Amino acid sequence: MTSATTMSTALEPVHRERLMSLARDVSFEAGTRLFEEGRHADRFWIVRTGTVALDLHVPGRRSAVVESLGHGELVGWSWHFPPYLWQLGAEAMTPVRASEFDAETVRAACAADPAFGRAIAVWVGRVVAERLHATRVRLLDLYAPYGSGDRW
């Protein structure tokens, strides 16, 4: 994940403050599943400390870890797009402290303030693009014949 997608660099201070006013502090022990692929996405997190692994179900194999997230990074983007179903799974790899957000509350704040809503949408869109790229690269590393991911 590039620093351009962490909350501190992706959002202007006024939008960061607005978003953080909607947060509650949570913590997870190592090994805790935050969410499962295909289930309802009703919240999201910003990591304060610790590491969260994103994984993808691979039929006939164990889930593939596609990315690890740390300080300042968004965990979960599926809450932002209907039908609000997780596209990946997530697990705390270490003890994690995070800010948790209720998806409906944040979506309502986005609808009420178009500038805030656009800032959140652009940020989440950047995160989706980064995660798609990271997932593609990881799956090619794991399952494709040598050199399949080389495009340049």
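**Exercise 1. In this predicted model, give the strand order and pairing sense of the open sheet that contains β1.**

Step 1. The order is β1-β8-β3-β6, four strands in an open sheet. The pairing is antiparallel.

Step 2. Now find the edges. β1 (24-28) and β6 (74-75) each have a single partner strand, so one side of each is left without a neighbour in the sheet.

Step 3. Add the helix. α3, residues 103-112, packs on this sheet and touches β3 and β8 (96-102). The direction of α3 makes about 55° with that of β8.

**Exercise 2. Work out how many bridges join β3 to β6 and how many β3 shares with β8, then place residue partners.**

Step 1. Take β6 as the partner. Strand β3 covers residues 43-49, and two bridges join β3 to β6. The two strands run antiparallel.

Step 2. Place the residues. I46 of the model stands opposite L74 in β6. W45 has V75 in β6 as its bridge partner.

Step 3. Take β8 as the partner. Here the antiparallel pairing with β3 extends over six bridges. One residue to locate is V47, whose bridge partner in β8 is A98.

**Exercise 3. Describe the sheet that contains β2: its order, its edges and the turn between neighbouring strands.**

Step 1. This open sheet has four strands in the order β2-β7-β4-β5. Its pairing is antiparallel.

Step 2. The edge strands are β2 (33-35) and β5 (64-69). Each has a single partner strand, so one side of each is left without a neighbour in the sheet.

Step 3. Neighbouring strands in this sheet are turned against each other by 30° on average, with direction ignored.

Step 4. Check one pair. β2 and β7 (residues 89-92) run antiparallel and are joined by two bridges. The bridge partner of R33 in β7 is E91.

**Exercise 4. Inspect the backbone in the loop between β6 and β7 at P83 and Y84.**

Step 1. Start from the usual case. Most peptide bonds are trans, and most residues other than glycine have a negative phi.

Step 2. Look at the bond between P82 and P83. This peptide bond is cis, with omega about 10°. P83 is located in the loop between β6 and β7.

Step 3. Move to Y84, in the loop between β6 and β7. Phi of Y84 is near 60°, a positive value in a residue other than glycine.

Step 4. Classify the exposure of Y84. Its relative accessible area is 22%. Buried requires under 20% and exposed requires over 50%. Y84 is therefore partly exposed.

**Exercise 5. Find the cavities of 30 Å³ or more and describe the lining of the largest cavity.**

Step 1. Searching the whole structure gives one cavity of 30 Å³ or more.

Step 2. The largest cavity holds about 60 Å³ of space.

Step 3. Its lining consists of F35, L54, G76, W77, S78, W86, Q87, L88 and R131.

Step 4. Sort the lining by type. Five residues are nonpolar, three are polar and one is charged.

**Exercise 6. Summarise the chain: elements, burial and contact range.**

Step 1. The chain has four helices and eight strands.

Step 2. From the N terminus on, the elements run α-α-β-β-β-β-β-β-β-β-α-α.

Step 3. The chain has 152 residues, and 39% of them count as buried.

Step 4. Consider contacts with a separation of 6 or more. Residues 24 or more positions apart account for 77% of these contacts in the chain.

Technical notes. Residues numbered from 1 in each chain as written. Predicted model: local features only at pLDDT ≥ 70, side-chain atom pairs only at ≥ 80, totals over all residues. Heavy atoms only, no water. Pairing = 2+ DSSP bridges. Contact = heavy atoms within 4.5 Å. Axes fitted to C-alpha atoms, helices over the stretch in contact; angles between N-to-C directions. Buried < 20%, exposed > 50% of the residue type's maximum accessible area, 1.4 Å probe, protein only. 1 Å grid on protein atoms, 1.4 Å probe; cavity = no way out; pocket = protein on both sides within 12 Å on 5 of 7 lines; lining within 4 Å. Points joined across faces, edges and corners; volume = space filled by probe spheres on them. Nonpolar A, V, L, I, M, F, W, Y, C, P; charged D, E, K, R; others polar.
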